Amino acid sequence: MPNPSIKDEDTYQELRDQGYSKEKSARIANAQANDKQKPSKKGGKNPPYEDWTKDELYDKAQEIGVEGRSDMTKDELIKALRG
């Protein structure tokens with residue numbers, strides 16, 4: 001039975017089959033279904049998270065709905081974004 005909170009069930013299932021966690025699969029599937037976010041399916045051309053500022057990491061974490069982000073260090077934000 002499909003989960004109503006998942007916006008792109010096919011992508012979600014594909015990611016789960018690849019071994020991604022339920023949470024990460026849902027985040028990616030929902031981001032891909034959102035026209036404003038436009039994430040890539042395979043690695044993009046952005047620099048690694050280690051090269052991002054803490055504010056940039058925070059903004060990305062906010063965009064994808066990482067909980068507890070306001071209390072996280074830069075390293076914790078990176079870990080949460082990589083899920």
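## An all-helical predicted model

From the N terminus on, the elements of the protein run α-α-α-α, and the secondary structure accordingly counts four helices and zero strands. The model is a predicted one, with an average pLDDT of 82 and with 81% of the residues scoring at least 70. Confidence is lowest in helix α2, residues 22-33, where the mean is 81, and highest in helix α4, residues 74-82, where it reaches 93.

Of the 83 residues of the protein, 23% count as buried. The protein exposes about 6300 Å², and carbon and sulfur atoms supply 46% of that area. Among the contacts with a separation of 6 or more, 26% are accounted for by residues 24 or more positions apart.

### Helix α1 and its partner

The buried residues of α1 are Thr11, Tyr12 and Leu15. Seen down the axis of α1, these buried residues fall within an arc of 100°, so they line one face of the helix. The general geometry of an α-helix is relevant here: with 3.6 residues a turn, residues three or four places apart point the same way. The face of α1 turned away from the buried side carries the exposed residues Asp10, Glu14 and Asp17, while the buried residues of α1 pack against α2.

Thr11, which has its place in helix α1 (residues 9-17), illustrates this arrangement at the level of a single residue. Its relative accessible area is 12%, and because buried means under 20%, Thr11 is classed as buried. Not counting residues up to four places away in sequence, Thr11 touches Ala29 and Gln32. Just after α1, Gly19 takes a positive phi of about 100°.

### The nonpolar core

The largest nonpolar core has 10 residues, namely Tyr49, Trp52, Leu57, Ala61, Val66, Met72, Leu77, Ile78, Ala80 and Leu81. The elements that give two or more residues to this core are α3 and α4, and α4 gives the most, with four residues.

Two of the core residues, Tyr49 and Trp52, also belong to the one aromatic pair that the structure holds. The rings of Tyr49 and Trp52 meet edge-to-face, at 4.9 Å centre to centre and with 85° between the planes. Tyr49 is buried, with a relative accessible area of 18%, and Trp52 is likewise buried, at 13%.

Leu81, another member of the core, is in contact with Tyr49, Leu57, Lys60, Ala61, Ile64 and Val66, leaving aside its neighbours within four places in sequence. Tyr49, Leu57, Ala61 and Val66 in that list are themselves members of the core.

### A glycine between α3 and α4

Gly65 is found in the loop between α3 (54-64) and α4. At 39% relative accessibility, Gly65 counts as partly exposed. The C-alpha atoms of Gly65 and Leu81, which lie 16 residues apart along the chain, are separated by 9.8 Å.

### Accessibility of the residues discussed

The relative accessible areas given above are collected here.

| Residue | Relative accessible area | Class |
|---|---|---|
| Thr11 | 12% | buried |
| Trp52 | 13% | buried |
| Tyr49 | 18% | buried |
| Gly65 | 39% | partly exposed |

Taken by region, the description has two parts: the buried residues of α1 pack against α2, whereas the largest nonpolar core draws two or more residues from each of α3 and α4.

Key:
Residues numbered from 1 in each chain as written. Predicted model: local features only at pLDDT ≥ 70, side-chain atom pairs only at ≥ 80, totals over all residues. Heavy atoms only, no water. pLDDT = per-residue confidence, 0-100. Buried < 20%, exposed > 50% of the residue type's maximum accessible area, 1.4 Å probe, protein only. Contact = heavy atoms within 4.5 Å. Phe/Tyr/Trp six-rings, centres within 6.5 Å; stacked < 30°, edge-to-face > 60°. Core = buried A, V, L, I, M, F, W, Y, C linked by side-chain atoms within 4.5 Å. Areas by Shrake-Rupley, 256 points an atom, 1.4 Å probe, with all protein chains shown as cover. Arc of directions from axis to C-beta.
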